[in-house]
Amino acid sequence: MSILVVGSVAFDSIQTPSGSVENCLGGAATHFALAASYFTDVRVIGVVGKDFTPEHEAVLTRRGIDTRGIERADGLSFHWTGSYVNNLNEAQTLNTDLNVFQSFDPKIPEAYRDSEYLFLANIDPVLQARVRSQMPKVRLVCGDTMNYWIADHRANLEKVLRELDVLLINDGEVRMLAGDRNLVVAANKVLAMGPKTLVVKHGEYGATAFFGDRSFPGVRALHPFRAPALPLAEVVDPTGAGDSFAGGFYGYLASQPELTPCSFRTAMFYGGVMGSFAVERFGTERLQNLTREEIDQRFRLFKEISHLEYESA
């Protein structure tokens with residue numbers, strides 16, 4: 001099964017307690033695509049500038065990712081500069097240069113129109129809606145957003161929410177979107193806005209899924225499900241952890257023959273696995289050099305730390 005992801009392909013300059021890097025490959029679509037590529041076929045739509053070289057593209061193509069949807073524009077690629085020196089759980093944005101991303105107008109290649117899964121990464125909801133309308137036959141649509149769109153572009157965002165099977169955002173964004181501090185109440189309010197299912201990211205504390213009556217065909221609304229995060233002795237770079245979670249989560253779902261409560265819960269564990277790998281190195285370095293054996297071994301570790309009964313190896 002193939003996933004089409006629409007979002008940013010960018011460069012990041014990052015400072016953390018572990019050090020700093022300049023102009024490393026990043027962006028929501030990049031992290032998502034690399035994480036998802038270990039589970040299924042991935043196609044990317046984005047825009048880059050003249051500073052995006054064949055070596056950068058090879059990071060994606062070596063993982064079998066289809067990059068025909070990445071547009072080359074005259075100018076520089078999106079560049080974000082941020083710091084985690086004061087708090088690893090919250091990025092301090094030092095500078096944002098949208099560059100060619102400012103005029104991003106996603107174009108869907110004809111070869112991508114048979115994609116079965118669609119992921120709308122964190123971009124303008126007007127663009128998200130436009131892409132969604134051009135992909136009416138996808139089996140599942142998952143989307144992301146952020147506080148900026150919630151605060152200043154709510155009307156357009158609400159149109160997108162009604163078209164989503166899964167909304168995947170962090171707990172602060174859920175509370176902001178719903179206008180309620182209680183996460184359970186806020187989650188139910190968000191579900192009432194249209195998404196069939198809500199996945200809430202809690203950073204180093206894992207993720208929680210909230211289900212509605214339409215989450216699974218023929219299955220009544222389920223209790224929320226909580227998946228843990230792996231306790232790590234060292235976090236080098238949190239940038240892209242949430243997008244890597246999304247890639248692991250959605251990539252696993254796309255690899256399964258059908259959407260069931262069991263496959264959904266398992267996908268959340270694989271999301272946590274990919275997020276935990278992403279933070280071990282700067283940028284996408286760790287995601288570039290994984291093996292499926294490493295991924296499955298860490299998945300078993302996730303089960304071991306979270307299940308009451310397990311068989312040790």
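Which helix holds S244? S244 is found in helix α8, which spans residues 241-254. The model is a predicted one. The points below cover two helix residues, the strand β1 and the helix α3, the nonpolar cores and the salt bridges.

**S244 in α8**

- S244 counts as buried because its relative accessibility is 0%, and the cut-off for buried is under 20%.
- Not counting residues up to four places away in sequence, S244 touches H31, A35, G271, M274, G275, A278 and L287.
- Of these contacts of S244, G271, M274, G275 and A278 fall within the residue range of α9, 261-278.

**T266 in α9**

- Helix α9 runs over residues 261-278 and contains T266.
- T266 has a relative accessibility of 18%, so this residue counts as buried.
- A polar atom of the T266 side chain lies 2.9 Å from the backbone oxygen of C262.
- Y252 and F299 are in contact with T266 when its neighbours within four places in sequence are left aside.

**Strand β1 and its partners**

- Strand β1 (2-6) is mostly covered, with 5 of its 5 residues buried.
- In a regular strand the side chains alternate between the two faces of the sheet.
- On one side of β1 the buried residues are S2, L4 and V6, and on the other they are I3 and V5, so both faces are covered.
- β1 pairs with strand β4 (residues 41-48) in the parallel sense over 5 bridges.
- Within β4, I45 is the bridge partner of V6.
- β1 also pairs with β8 in the parallel sense, here over 4 bridges.
- In β8, F119 stands opposite V5.

**Helix α3**

- In α3 (residues 125-133), the residues P125, L127, Q128, V131 and R132 are buried.
- These residues lie on the same side of α3, because they cover an arc of only 155° around the axis.
- The elements that the buried residues of α3 pack against are β1 (2-6), β8 (117-120), β9 (140-143), α4 (147-152) and α5 (154-161).
- At the start of α3, the backbone nitrogen of V126 has a side-chain oxygen of D124 within 2.9 Å.

**Nonpolar cores**

- The largest nonpolar core has 58 residues, of which V199, F249, Y250 and F264 touch the most other members.
- Helix α9 supplies the largest share of this core, 9 residues.
- Leaving aside neighbours within four places in sequence, F249 is in contact with V166, L168, V199, F264, A267, M268, Y270 and G271.
- A second core, separate from the largest one, has 37 residues, including V6, V141, L183 and L198.
- V6 of this second core is also one of the buried residues of β1.

**Salt bridges**

- Side chains of opposite charge can pair when their charged atoms come close.
- The whole structure holds 13 salt bridges.
- One of them joins R72 and E57, whose closest N and O atoms are 2.4 Å apart.
- Because R72 lies in strand β5 (residues 66-72) and E57 in helix α2 (residues 54-61), this pair ties together parts that are 15 residues apart in sequence.
- R72 counts as partly exposed, at 41% relative accessibility.
- The side chains of E71 and K107 also meet in a salt bridge, at 3.8 Å from N to O.
- E71 belongs to strand β5 and K107 to the loop between β7 (92-97) and β8, so the parts that they tie together are 36 residues apart in sequence.
- E71 counts as partly exposed at 33% relative accessibility, whereas K107 counts as exposed at 52%.
- R298 and E280 form a salt bridge through their side chains, at 2.9 Å from N to O.
- R298 lies in helix α11 (residues 292-306) and E280 in the loop between α9 and α10 (285-288), so this pair ties together parts that are 18 residues apart in sequence.
- Both R298 and E280 are buried.
- E280, R286, E294 and R298 are joined into one network by salt bridges that share partners.

Technical notes:
Residues numbered from 1 in each chain as written. Predicted model: local features only at pLDDT ≥ 70, side-chain atom pairs only at ≥ 80, totals over all residues. Heavy atoms only, no water. Buried < 20%, exposed > 50% of the residue type's maximum accessible area, 1.4 Å probe, protein only. Polar contact = N/O pair within 3.5 Å; in protein donor to acceptor, adjacent residues only side chain to side chain. Contact = heavy atoms within 4.5 Å. Arc of directions from axis to C-beta. Pairing = 2+ DSSP bridges. Salt bridge = Lys/Arg side-chain N within 4 Å of Asp/Glu carboxyl O. Core = buried A, V, L, I, M, F, W, Y, C linked by side-chain atoms within 4.5 Å.
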